[in-house]
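Thanks, everyone. Let me put the model up, and then I will walk through it.

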Amino acid sequence: HPTPQHFTSPGRTGYNLTADWPGGDTGQVVMAGSHLDSVTSGAGINDNGSGSAAVLETALAVARSGYQPTKHLRFAWWGAEELGLVGAKYYVNNLSSANRPRISGYLNFDMIGSPHPGYFVYHDDPAIEKTFKDYYAGLGIPTEIETEGDGRSDHAPFKNAGVPVGGLFSGADYTKTSAQAAKWGGTAGQAFDRCYHSSCDTTANINDTALDRNSDAIAY
């Protein structure tokens, strides 16, 4: 059952959307989230249609399978991330003191289909980080610690509130090094996403392999 949450940011109205999958231990909530908005100058497909679509597809796969998880699953789509994490901050700030500690993990997916991808894992909660690293190790794909977006996406309000966080990232306007090109392919000296926050961030700006691998990692 999807639940919209209305918030107001200076002069602006926005919405978050959360959807809970029935069942599981509501004392242990695992959340997966991504932001729905883009910058004014950007078409917003990698940033962040990629994360939003992958979280939605994971939720649909859970529903199709009739999955019966031990923990309680919640999926979230945030408004106004690009205006300063407004939607996610509002959500966290409006959690009751009883509900906040029930979230045992928040997983964030912001830009996971970059056209010239790297495979970056958030270095925050060791158990969550290990889960993603284990998935990629199974594919034989090396990962690196995510530093480019550290504290700049919707996981930050959760982390600040003491919730364990993790996530995946395929790179924005940082430049791929020769060492990274050797392990992941692509061209050294080129940005992971040359269309970051610009009008060319269209459906042509997605690496299907990266989006597929990262979407599978969410499900894993």
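One term before we start. A residue is called buried when its relative accessible area is under 20%, exposed when it is over 50%, and partly exposed in between. Keep in mind that this is a predicted model.

Let's use that cut-off straight away. Look at L85, in the loop between β4 and α2. Its relative accessible area is 9%, so L85 is buried. The backbone of L85 deserves a look too. Phi is positive there, about 60 degrees, and L85 is not a glycine. In general, most residues other than glycine have a negative phi.

Which other residue has a positive phi without being a glycine? M111, with phi near 70 degrees. M111 also sits in a loop, the one between β5, residues 103–109, and β6, residues 120–121. Is M111 buried or exposed? Its relative accessibility is 3%, so M111 counts as buried.

One more backbone point. The peptide bond between D47 and N48 is cis, with omega at about 10 degrees. Most peptide bonds are trans. N48 belongs to helix α1, which covers residues 45–65.

Now step back to the whole chain. The secondary structure comes to 6 helices and 8 strands. Along the sequence, the order reads β-β-β-α-β-α-β-β-α-β-α-β-α-α. So how does the overall size compare with a compact globule? For 220 residues, such a globule would have a radius of gyration near 17 Å. The protein has 17 Å, so the two agree. Along the principal axes, the C-alpha atoms fill a box of roughly 50 × 45 × 30 Å.

What about the interior? Buried residues make up 49% of the 220. Next, the contacts between residues at least 6 apart in sequence. Of those, 74% join residues at least 24 apart.

And the surface? The protein exposes about 10,100 Å², and carbon and sulfur atoms supply 53% of that. On charges, there are 15 positive and 23 negative. The mean positions of the two sets are 4 Å apart.

Back to the elements, then. Take helix α2, residues 86–93. Which of its residues are buried? V86, G87, A88, Y91 and V92. And what covers them? The cover includes four strands: β1 at 2–9, β2 at 12–21, β3 at 25–35 and β4 at 71–78. Helix α4, residues 155–160, is also part of that cover. Recall that L85 is in the loop leading from β4 to α2.

Next, helix α1 again. T58 is in this helix. T58 has a relative accessible area of 10%, so T58 is buried. What does T58 touch, leaving aside residues up to four places away in sequence? F75, S215, I218 and A219. F75 falls within the range of β4, 71–78.

Now two exposed positions. The first is T13, in strand β2. At 51% relative accessibility, T13 counts as exposed, because the cut-off is over 50%. Leaving out residues up to four places away, T13 touches H6 and F7. T13 and G79 are 66 residues apart in sequence. In space, their C-alpha atoms are 9.3 Å apart.

The second is A127, in helix α3, residues 126–139. A127 is exposed, with a relative accessible area of 52%. A127 and G166 are 39 residues apart along the chain, and 9.0 Å separates their C-alpha atoms.

Last item: the disulfide. A disulfide is a covalent bond between the sulfur atoms of two cysteines. How many does the structure hold? There is 1. It joins C195 to C200, with S to S at 2.0 Å. Which hand does it have? The torsion about the S-S bond is about -110 degrees, so the disulfide is left-handed. How do the two cysteines fare for burial? C195 is buried, at 12% relative accessible area. C200 counts as partly exposed, at 35%.

To recap the places to click on. L85 and M111 have positive phi without being glycines. D47 and N48 share the cis peptide bond. C195 and C200 form the disulfide. Over to you for discussion.

Technical notes. Residues numbered from 1 in each chain as written. Predicted model: local features only at pLDDT ≥ 70, side-chain atom pairs only at ≥ 80, totals over all residues. Heavy atoms only, no water. Buried < 20%, exposed > 50% of the residue type's maximum accessible area, 1.4 Å probe, protein only. Helix = DSSP H or I, 4+ residues; strand = E, 2+ residues; numbered from the N terminus. Contact = heavy atoms within 4.5 Å. Disulfide = S-S within 2.5 Å. Rg over C-alpha atoms; globule rule 2.2 N^0.38 Å. Areas by Shrake-Rupley, 256 points an atom, 1.4 Å probe, with all protein chains shown as cover. Lys, Arg positive; Asp, Glu negative; His and termini not counted. Charge placed at Lys NZ, Arg CZ, Asp CG, Glu CD.
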